Amino acid sequence: MNTYERLVQLLESHGARFRLIPHEPQGVTSPASRLRGHALSQAAKCIVARVKLGKKTNRFVLAVVPGDRLVALEELRRMWDGTYVSFATRQTAEELSGCVSGTIIPFSFRDDLELVVDPRLLDEPEIYFNAARLDMSMALDTRDYVRLAGPRIAYVAQTSLAEVG
């Protein structure tokens with residue numbers, strides 16, 4: 001079963017309120033949000049980061065932030081008391097998430113990929129994200145998302161994109 005099928009099965013089996021949104025292939029948050037027709041702040045931007053805990057120990061984190069914000073890597077480093085933090089390589093992110101880059105979902109199906117979500121995203125009634133496919137997105141009730149994903153909730157987003165330039 002691929003990640004898309006696993007996600008849909010999870011949501012259906014737990015009575016989650018969601019809808020699928022087919023669209024032209026797109027894996028970048030801002031253009032995908034325009035295709036789906038929602039505010040950028042409702043997009044769940046998913047980034048896999050590597051937090052170095054020691055010489056030979058890494059922790060991988062799936063950070064989920066509103067689409068109009070950036071991931072605060074230094075905050076991730078502090079949260080896990082790491083010595084260094086960086087984005088995971090594309091290969092590692094795809095392997096851990098089970099998704100190709102641009103389609104990473106805000107769920108982790110692996111114990112070695114810890115999920116943390118910025119609470120500002122959870123202020124939205126629905127969140128939107130590519131559903132492990134470039135041509136299919138999902139709108140998911142935020143309460144159902146929290147109930148089923150069970151994320152750690154912490155401020156892991158920094159400046160809004162509008163403020164960046």
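This is a short tour of a predicted model, one selection at a time.

**Stop 1: helix α2**

Select residues 29-36, which make up helix α2. Buried in this helix are A32, S33 and R36. Look down the axis of α2: its buried residues fall within an arc of 105°, so they line one face of the helix. Now add β1 (18-22), β7 (126-133) and β8 (136-141) to the selection. The buried residues of α2 pack against these strands. Then step to G37, which follows α2. The phi of G37 is positive, near 80°.

**Stop 2: the aromatic rings**

How many aromatic pairs does the structure hold? There are 3. Start with F107 and F109. Their rings are stacked, 6.4 Å centre to centre, with 15° between the planes. Is F107 buried or exposed? F107 counts as buried, at 3% relative accessibility. F109 is partly exposed, with a relative accessible area of 28%.

Keep F107 and add Y145. Here the ring centres are 5.3 Å apart and the planes stand at 85°, so this pair is edge-to-face. The pair links distant parts of the chain, 38 residues apart. F107 lies in the loop between α4 (90-97) and β6 (113-117), while Y145 belongs to helix α5 (residues 142-149). Y145 is buried, and its relative accessible area is 0%. Add F129 to the view: F107, F109, F129 and Y145 form one aromatic cluster.

**Stop 3: around Y145**

Stay on Y145 and show its contacts beyond four places in sequence. Among them are V64, P106, F107, L115 and V117. L122, I127, L140, G150 and P151 are also in contact with Y145.

**Stop 4: the nonpolar cores**

Widen the view to the largest nonpolar core, which has 33 residues. Which members touch the most others? They are V64, F107, F129, L140 and Y145. At least two residues of this core come from each of α1 (3-13), β2 (44-52), β3 (58-66), α4, β6, β7, β8 and α5. Helix α1 gives the largest share, 5 residues. Next, find a second, separate core of 15 residues. Select V61, A63, V65 and A157, which are included in this second core.

**Stop 5: charges over rings**

Select R133 and Y4. The charged end of R133 sits over the Y4 ring, 4.7 Å from its centre. Finish with R152 and W80. The charged end of R152 sits over the W80 ring, 4.8 Å from its centre.

Note on methods: Residues are numbered from 1 along each chain as its sequence is written. This is a predicted model: local features need pLDDT of at least 70, side-chain atom pairs count only at pLDDT 80 or more; totals for chains, interfaces and linings use all residues. Side-chain values use heavy atoms; hydrogens and water are left out. Buried means under 20% relative accessible area, exposed over 50%, partly exposed in between (1.4 Å probe, protein chains only). Helices (H or I, at least four residues) and strands (E, at least two) are DSSP runs, numbered from the N terminus. The arc is that of the directions from the helix axis to the C-beta atoms. Contact means heavy atoms within 4.5 Å. Rings of Phe, Tyr and Trp (its six-membered ring) pair if their centres lie within 6.5 Å; planes under 30 degrees apart count as stacked, over 60 as edge-to-face and the rest as tilted. A charge sits over a ring if NZ of Lys or CZ of Arg is within 6 Å of the ring centre and within 35 degrees of the ring normal. A nonpolar core is a set of buried Ala, Val, Leu, Ile, Met, Phe, Trp, Tyr and Cys residues joined through side-chain atoms within 4.5 Å.
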